[in-house]
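New to this one? Let's take a walk through it together, a piece at a time.

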Amino acid sequence: MFLLFLCLTNYVCYTSSTDLPVWHMKPFGSHREPNKVDDSFVDNLIAPKDFAENYVMKRKPIVLRGVAKEWPAFNLWTDEYLSEKYGNMEMRIEGKREKQSGIPAGDVCLGRDRLKTFLSEYKSGANKYVVSELPTPMWGEVKIPSCVSCGDFLNNFVEIDVWMNSDMGKKGKGGSSIIHKDAFNTINCVVSGKKEWKLVELQYNDYMYQAWEGPMDRGYGGYSLVNSEKVDAKRFPKVGDIPNWQFTTINAGDCLYLPSQMWHQVKSYGAENRAVAFLFSQFEGHNSINTTDCGKTNPDPVTLADVDVDLQYSGTGIMSMGNFELNAIMDELKKNLVDPKKGYLTKKRVFTLIVMNHENANKIKSKLVEKAKAMYQHFLELAGGVKENMDQAFVDGLTRAQIRPCYIWLFPLEPSNTYDHEYSYFLPERLREMMNELPGENGVLLKNAFVEMYVQEGGTEKFAQEFWINLANGEDVREIHKESMNLSKALEKYEYHRKEDPENEEEDDDAVIVTPQGHKSQPKHERGGYAERTDEEGDEDAGRKEQELKDEL
């Protein structure tokens, strides 16, 4: 009966510890030796046509050795130079332990630092690293590899990102990512330090235990529930069945082409570890990539500042990380903006498009109406203020620059791209609990006690002050009675920015994501091996339950 009980849990049934595979609780990839990733060297770099046909279209990685050594950034980007020239550029930051660290507070807001502030702290053990859009003022010091500097490649760059980290004070233990996959094709170039990559092809998605992320998720990107440092063979037995995986190291000056949706885990090393990533189109639905204008010899690398990248971030304000390809948006607008009966673009058509891209649109209808008005006005001004001018020819002729502002209207703003990230960090339910937990006599709550509790929970003093003032109906008071506090007003922005809707029926505990290739994620209720509760704690729990059952029997 006892063995039957264990076999009916989420764990694979092992009758003794000797049955466990040798890779149990060891790093990902310990089940078999890796395969090598192909190399191409800068003095005879792979041609665009070869790269397109044999790597991008076949989803095959390749290392481009020495490519980034040709960049001005390779020699210029020291801490001192970056602080002096780009110190006021704002960078998105995250905690070093993905899925375990909270979002660090930067000197700008939660999850955002000025570059000079980050560089003054990151070598002293600060729990943060930069993963941000690369500000456009820095683009002049970066070059696109010659194998993607022409043809269809040049018109399909979506986003440019930058990573900065340090292993100072960590005895050589570099930053480590979780196992994940990204939607776009990527060329990741190391400017300083080095990175070790473990790669698994998309065809083995069912072995990777992809996590559920939300009903709106399309399944192109995602992360694995598997702890890359200690793979639990009882919870994740299919990992041992992955027949092929690859390993490579890219050093300063090297670039790795990472195919769209290839699973990977990365370790970063170096007192100054910096990298730039070029995200470009998936070329979904394409049978080939046009490289006819590339010529027979490799073109010269193109300076990034000369490329019309879809997403562009000036260094302050709203970022656009994680958005869709601009070409795909342009195609969608051309198909759906014009009312076929009236023959021109209408407010209703604009509003309908916006609603389709927002979850729980009925709860934020007034906000979406404002977005629709702004987007419609944008087009009306381009048409000279005459609505009849906004016909199909007008829409077909819209340029990339004229469409680019539509991102902020068409899609929800990812909180981490804004100064309002903190509103999504706290669930309203947790804030209500905090108000009940706050000590006070005779129903009187003290401001200082609340601010202290809020900051301990991972928030900033600035947002704590704002919450308190709203709680006190706009007054900055030292104390407030529970009966007079305006909790609904204080929670308003937190409710608007919340990432999960508890009333959404699609988000039940057994909900799964189906990827474009037909693979299914794990159910929503499954938690990863990286969770705060460690694998050892889980084993101790299992041992206690086993002994309790034996005693009961």
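Below we visit a strand, then a helix, then a spot on the surface. Keep in mind as you look that this is a predicted model.

Start with strand E4, residues 90–94. Five of its five residues are buried, so the strand is largely enclosed by the rest of the structure. In a regular strand the side chains alternate between the two faces of the sheet. Here, Glu90, Arg92 and Glu94 point one way, while Met91 and Ile93 point the other way, and all are buried.

Now for the neighbours of E4. Strand E5 (residues 112–114) runs antiparallel to E4, and three bridges join the two. One pairing to look for is methionine 91 with its bridge partner in E5, aspartate 113. E4 also pairs with strand E6 (residues 129–133), again in the antiparallel sense, over two bridges. There, glutamate 94 has tyrosine 129 as its bridge partner.

Next, hop over to helix H17, residues 487–497. Its buried residues are Ala490, Leu491, Tyr494 and His497. Look down the axis of H17 and these buried residues fall within an arc of 110°, so they line one face of the helix. And what covers them? The cover includes helices H13 (421–425), H14 (428–437), H15 (447–456) and H16 (461–471).

Finally, let's go out to the surface. Ile318, Ile408 and Leu413 form a nonpolar patch there, with about 240 Å² of accessible area together. Isoleucine 318 sits in the loop between strand E16 (302–303) and helix H7 (326–336). Its relative accessibility is 43%, so isoleucine 318 counts as partly exposed.

Key. Residues numbered from 1 in each chain as written. Predicted model: local features only at pLDDT ≥ 70, side-chain atom pairs only at ≥ 80, totals over all residues. Heavy atoms only, no water. Buried < 20%, exposed > 50% of the residue type's maximum accessible area, 1.4 Å probe, protein only. Helix = DSSP H or I, 4+ residues; strand = E, 2+ residues; numbered from the N terminus. Pairing = 2+ DSSP bridges. Arc of directions from axis to C-beta. Contact = heavy atoms within 4.5 Å. Patch = residues over 30% accessible without salt bridge, like charges linked within 9 Å, V, L, I, M, F, W, Y side chains within 5 Å. Areas by Shrake-Rupley, 256 points an atom, 1.4 Å probe, with all protein chains shown as cover. Salt bridge = Lys/Arg side-chain N within 4 Å of Asp/Glu carboxyl O.
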